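This report describes selected features of one protein model, from an annotated site to charge pairing and surface character. The sequence and coordinates are shown below.

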Amino acid sequence: MNMKAVVVILVLALATIFALVCVLMTRKEKVVRCGVSGLQNSPEGTNRDPSEIFADLSAAEMVQVVKYLKENLGVRLEDASRAKPSDNCIYYLDTYFPSKEVALGFLDHGRAQPHREALAVVYFGNQPDPNVTEFVVGPLPNPMGHRDITLKKFGRKVPYHSRPVTVKEYKDIDIFIFRELEAANNFLRECCEYNRSNLATLTTAPRGFESGDRATWFVLFHNVNGSGYYIHPIGLEVLVDHRSLNISEWKVKKVFYNGQYYENMAHLEKEFRDGRVKEVRVKAAHLKNDFTSRKPSESSPHPGPLQFEPLGMRYTVAGSHVVYRSWSFAFGMNVNAGPRLFNIRFGEERIVYELSLQEALATYGSNCPGGMVTRYMDGTLGIGKFSYELVRGVDCPYTATYVDRHYLIDSDTPRLNKNSFCIFEHDMGVPLRRHFSDMGSFYYGGLNNYALVLRAISTLINYDYVWDFVFYQNGAIEVKVHATGYISTSFLTEGGTAFGNRVGEHTLGTMHNHLMNYKVDLDVGGIKNSLVALDMAFESVAAPWSPEHQIQRPVLTTRTLDKEEDAAFPLDGKVPRYLHFATSRENQWNHQRSYRIQITSFAGEHLPEASTMERSISWGRYKVAVTKRKEEELISTCIYNQNDPWDPLVVFADFIDNETIVNEDLVAWISTGFFHVPHAEDIPNTVTVGNGVGFILRPYNFFNDDPSSRSPDGVYFTMDQDASQCDVNPVACLQETASCSPNLPPFTFSGFQNFTSP
């Protein structure tokens, strides 16, 4: 071959390679992006559906209510962020909802839309009879009047000592405690490497032993910047009496250190100097060697699976209103009690009028005073207030819709919790239903379990609670809560392991019981329902074809529960396997249309009724209790029960008073939870696996068949069909319909914007 031919061949080869590279590069550049939902972040206050009467207050409405109160209450109102206990201030605002009768008159019968109103809780500390007063202010957005509803709501005045502790009061207590610590500076330096800046306090509750007390045990920990201090107790706890409205009169009532009690910090210092303190040398913790650190040791080079919507969202969010397939509902956030949903409808029918979290209780045990007295009622802390921004791609799927919420508490200025709700359609990972037929005829039929999830996450001191509301295509609603975050701990002293496990050199993971209470106002086929219990029993019968032999056959037992006492099932007792709200209306097959309540719970024992504070949490006596709905029985507890549990303003047990519950408007109060004995694997954080509980509302003869059978997501093909063809099997089309790259928004996070440096 001559040189000229070689050159020609080389040139052609290079040209071919160049052309192939260009083609590949061109293909790489032509990435097809998936469809995008029209709404990624829903604005507040956009009234697009009648159920927006249940919407949370907007920031603009909050500003107007504060302005009105300051101009019309006739007293000076300090900003709660600066107010002393002896001042007057606005504690918090919330939406004040119309009565159910008025709301349904508007929603169902075309009556006038009720005025929007606000609930305002005001502390009156600067008057001869200090108290807390609840006002309704309206109409919004331009209020013109207010009315006091305290006596109507609680039957008496709200005692001032029962008020929730404000952020300002906690700050003042911290200043007081660290000033008191100076009296034992030598001891603290020797025992705990104290440098006047490396300790942190943790509150307990309740605050005393009888009505009127306001004395709180505060537990001290080594503070670790960038990690959870809850795992680093130093063995010191201080009982602070802060009942007086004059901060200068606050005092230390008792000090606890390493199993021993002292009169005050000066007494502890003196005993230390005299050699009578059994101190344990605890080294200050640092992030680089902190066994509780959350910082990963290395980054993964391979991202995990990503769920996305190839043709955009299949749900809509407008203001506080969500529509998904046959479902629609309104959602919001109570700044104290947390997530709440209203007017939940499937198709044209309302299933639930109200579904709301009422309380999250944590009851601890320890041989240290802080741990042994603690019964946190998290609604008083602020389940909604502490529902912070969700982290995209971790707390919720990356492409979820994120929704902002404003709140006003502990300040005259509304605060924004950006992206505090997320909404997403989720493949639950197991078919909703399926069957492969290998008898009679040969076919396959199945349906992916796509469901819509509404989620919020609350960080309540050390624990994080993941609140989920899941809407399935078969008409079921699942309510779930998962617990994660840091465990609460005590200093490990002699005998401590009777109350938990050792999880660090000086750290005892203390036993505790989580219990959550929900209100479920079901309206099944209308507001008039009865409660039906369905279960099983065995009966002995002679075999008809062989009378000399006996058959033990199961039969159904059915009972309509007549009174509220019949429908109050103890927390640790047996609940009928089928418990359902039934209407007198029937389905096509002549069965009462019903919705079943199915509970998953691993709760520990409820506080004994002999306890002087048990009535304040008496909802915890019951796994489920069904009562006749009343406007004066709207909540199972209140924010004042935490700080005066010995004379509670709301006693749920009093709701159960032998009223008939047949063909009435009924409410189910459901308690679900789990008993937790912390162990080594709870370090650094408790995981959600195995720590999830909740309940399901399931249709029971409500429909004539399964409504998901009409879902366009269904798959069906027979032996004679080609399942690889799109017109036969929609899953076969995914190669084309889902051949796109998700259009991911940039990652942003502003969850620390409301904080100052620690």
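In this predicted model, Tyr463 is placed in strand 23, which covers residues 463-472. With a relative accessibility of 2%, Tyr463 counts as buried. Residues up to four places away in sequence aside, the contacts of Tyr463 are Tyr364, Ser458, Ala483, Thr484, Tyr486, Ile487, His512, His514, His676 and Thr686.

Tyr463 also carries an annotation: an unreviewed UniProt entry lists Asp378 and Tyr463 under "active site". The two span 86 residues in sequence, yet their C-alpha atoms are no more than 10.4 Å apart, so they gather at one spot. Asp378 belongs to helix 9 (residues 378-381) and counts as buried, at 4% relative accessibility. Beyond its neighbours within four places in sequence, Asp378 makes contact with Asn336, Glu359, Ala360, Ile383, Leu460 and Tyr465.

Tyr364, one of the contacts of Tyr463, is also among the residues touched by Ser488. Ser488 sits in the loop that runs between strand 24 (477-485) and strand 25 (489-491), and its relative accessible area of 10% makes it buried. Apart from neighbours within four places in sequence, Ser488 also contacts Leu202, Asn462, Leu508, Gly509 and Thr510. The C-alpha atom of Ser488 is separated by 8.9 Å from that of Pro678, although these positions lie 190 residues apart along the chain.

**Charge pairing**

Side chains of opposite charge can pair when their charged atoms come close. How many salt bridges does the count come to? With nitrogen and carboxyl oxygen required to be within 4 Å, the count comes to 50 salt bridges. Three of these pairs are set out in the table.

| Pair | N to O distance |
|---|---|
| Lys70 and Asp412 | 2.6 Å |
| Lys100 and Asp523 | 3.0 Å |
| Lys630 and Glu659 | 2.2 Å |

In the pair of Lys70 and Asp412, Lys70 comes from helix 2 (residues 59-72) and Asp412 from the loop between strand 18 (401-407) and strand 19 (415-427), so the salt bridge ties together parts that are 342 residues apart in sequence. Lys70 is partly exposed, with a relative accessible area of 38%, whereas Asp412 is buried at 10%.

The salt bridge of Asp523 with Lys100 links the loop between strand 28 (512-522) and strand 29 (530-543), where Asp523 lies, to helix 3 (residues 100-109), which holds Lys100; the pair therefore ties together parts that are 423 residues apart in sequence. Asp523 counts as buried at 2% relative accessibility, and Lys100 is buried with a relative accessible area of 4%.

For the salt bridge between Lys630 and Glu659, both residues lie in the loop between strand 34 (622-628) and strand 35 (666-676), so this pair ties together parts that are 29 residues apart in sequence. Lys630 is buried, its relative accessible area being 17%. Through shared partners, salt bridges join Lys528, Lys628, Lys630, Glu633, Asp657, Glu659 and Glu664 into one network.

**Helix 6 and its cover**

Which residues of helix 6 (residues 185-192) are buried? They are Asn185, Phe187, Leu188, Cys191 and Cys192. These residues cover an arc of only 160° around the axis, which puts them on the same side of helix 6. An α-helix has 3.6 residues a turn, so residues three or four places apart point the same way. The cover over the buried residues of helix 6 includes helix 5 (167-181), strand 8 (215-222), strand 9 (233-241), strand 10 (251-257) and helix 7 (265-273). Just after helix 6, Glu193 adopts a positive phi of about 55°.

**An annotated domain and a surface patch**

At residues 72-143, UniProt (unreviewed entry) places the feature "domain: Copper amine oxidase N2-terminal". Over residues 72-143 the chain is 15% helix and 35% strand, with the end C-alpha atoms 11 Å apart.

On the surface, Phe747, Phe749, Phe752 and Phe755 form a nonpolar patch that together has about 450 Å² of accessible area. Phe747 is part of the segment that follows helix 10 (734-737). Its relative accessibility of 46% means that Phe747 counts as partly exposed, because that class runs between the limits of 20% and 50%.

Terms used
Residues are numbered from 1 along each chain as its sequence is written. This is a predicted model: local features need pLDDT of at least 70, side-chain atom pairs count only at pLDDT 80 or more; totals for chains, interfaces and linings use all residues. Side-chain values use heavy atoms; hydrogens and water are left out. Patches are made of residues with over 30% relative accessible area and no salt bridge: like charges are joined within 9 Å, nonpolar side chains (Val, Leu, Ile, Met, Phe, Trp, Tyr) within 5 Å. Accessible areas come from the Shrake-Rupley method with a 1.4 Å probe; for residues, only the protein chains shown count as cover. A salt bridge is a side-chain nitrogen of Lys or Arg within 4 Å of a carboxyl oxygen of Asp or Glu. Helices (H or I, at least four residues) and strands (E, at least two) are DSSP runs, numbered from the N terminus. Buried means under 20% relative accessible area, exposed over 50%, partly exposed in between (1.4 Å probe, protein chains only). UniProt positions are given in the numbering used here, feature names are shortened, and annotations may be inferred rather than shown by experiment. Contact means heavy atoms within 4.5 Å. The arc is that of the directions from the helix axis to the C-beta atoms.
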